[in-house]
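Colleague: I'm new to this one, so could you pick a single part and take me through it slowly? A bit of the wider setting would help too.

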Amino acid sequence: MPKRAKFAIAAEEWMSKHAADKAITTKAFWEGLSKAYPELTTPSEKRKTPKATCMRDLRKDGAFEVGDGRISLRKR
């Protein structure tokens, strides 16, 4: 199994608790993820665009459906 991105692991945990069975806006997702994981989502000198990196990682991860400004967990 390929190694998952830190963002994907954190996002799946957060989504499971807060939006397990529905699609939410990417804005609401990012606000919630930022409150739960500030060490991961706060820009720094080495990570200037964490939101863009997060969304890229989630688009590549099979656990998520991302599009049209919304994000959800795929049904398993």
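Modeller: Sure. One term to start with: a residue is called buried when its relative accessible area is under 20%, and exposed when that value is over 50%. Keep in mind, too, that what you see is a predicted model.

Let's look at helix 4, which spans residues 50–60. Its buried residues are Pro 50, Cys 54, Met 55, Asp 57 and Leu 58. They sit on the same side of helix 4, because the arc they cover around the axis is only 160°. The general rule behind such a pattern is simple: an α-helix has 3.6 residues a turn, so residues three or four places apart point the same way. Turn to the other side of helix 4 and you find Arg 59 and Lys 60, both exposed.

Now, what lies over the buried residues? The cover includes helix 1 (6–18), helix 2 (26–36) and helix 3 (38–41), along with strand 2 (64–67) and strand 3 (70–73).

As for the wider setting, the protein has four helices and three strands, and along the sequence they run α-β-α-α-α-β-β. Of its 76 residues, 37% are buried. Among contacts with a separation of 6 or more, 54% are between residues 24 or more positions apart. The radius of gyration is 12 Å, which agrees with the value near 11 Å that a compact globule of 76 residues would have. Along the principal axes, the C-alpha atoms fill a box of roughly 35 × 30 × 20 Å.

Notes
Residues are numbered from 1 along each chain as its sequence is written. This is a predicted model: local features need pLDDT of at least 70, side-chain atom pairs count only at pLDDT 80 or more; totals for chains, interfaces and linings use all residues. Side-chain values use heavy atoms; hydrogens and water are left out. Buried means under 20% relative accessible area, exposed over 50%, partly exposed in between (1.4 Å probe, protein chains only). Helices (H or I, at least four residues) and strands (E, at least two) are DSSP runs, numbered from the N terminus. The arc is that of the directions from the helix axis to the C-beta atoms. Contact means heavy atoms within 4.5 Å. The radius of gyration is taken over C-alpha atoms; the globule rule is 2.2 Å times the number of residues to the power 0.38.
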